[in-house]
Amino acid sequence: MATLYHKTTIADARGILKDGYRDTEWDFGLRDTNTDEEVVVTGVWLANRPLAEAEGPPGDALLEVTLELTEEQLHTFELDGMLWNARLWVVPADTL
């Protein structure tokens, strides 16, 4: 079991609590090393700790997400090295 955090706006947090998470496309400015094409990931941004104002997406709401996934299962969704002192995952909404 893992506890992760999702920072968002207050309006979006209300929508999540009412209707659940929805996938969002994130590009992060990443490029594929083989094709040099922009890499886009789809899902919900989660971190292993609450992020500071300058980190991650903007927002004043912080949702705590408890997942019944193992570290191995979470590894599939991790974007290693994206944040200097935190871990980042983009998990499909239907997994949440």
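Q: Why does Leu4 count as buried or exposed?
A: Buried means under 20% relative accessible area, exposed over 50%, and partly exposed in between (1.4 Å probe, protein chains only). Leu4 has 3% relative accessibility, so Leu4 counts as buried. A word on the source: this is a predicted model, where local features need pLDDT of at least 70, side-chain atom pairs count only at pLDDT 80 or more, and totals for chains, interfaces and linings use all residues. Residues are numbered from 1 along each chain as its sequence is written, and side-chain values use heavy atoms, leaving out hydrogens and water.

Q: Which residues does Leu4 touch, not counting those up to four places away in sequence?
A: Contact means heavy atoms within 4.5 Å. On that basis Leu4 touches Leu46, Ala47, Asn48, Leu63, Glu64, Val65, Leu67, Leu74 and Trp89.

Q: What makes strand 1 mostly covered?
A: Six of the seven residues in strand 1 are buried, and Leu4 lies in this strand. Strands are DSSP runs of E with at least two residues, helices are runs of H or I with at least four, and both are numbered from the N terminus.

Q: How do you know that strand 1 and strand 4 pair?
A: Two strands pair if DSSP finds at least two bridges between them. Strand 1 and strand 4 (residues 61-67) share seven bridges in the antiparallel sense; in one of them, Thr8 has Ala61 as its partner.

Q: Why is the pair of Trp26 and Trp45 called what it is?
A: Rings of Phe, Tyr and Trp (its six-membered ring) pair if their centres lie within 6.5 Å, and planes under 30 degrees apart count as stacked, over 60 as edge-to-face and the rest as tilted. The structure holds one aromatic pair. The ring centres of Trp26 and Trp45 are 5.5 Å apart and their planes stand at 45°, so the pair is tilted. Trp26 belongs to strand 2 and Trp45 to strand 3, so the pair ties together parts that are 19 residues apart in sequence. Both Trp26 and Trp45 are buried.

Q: Why does Asp36 fall in its accessibility class?
A: Its 49% relative accessibility is the reason that Asp36 counts as partly exposed. Asp36 sits in the loop between strand 2 and strand 3, and its phi is near 60°, a positive value in a residue other than glycine.
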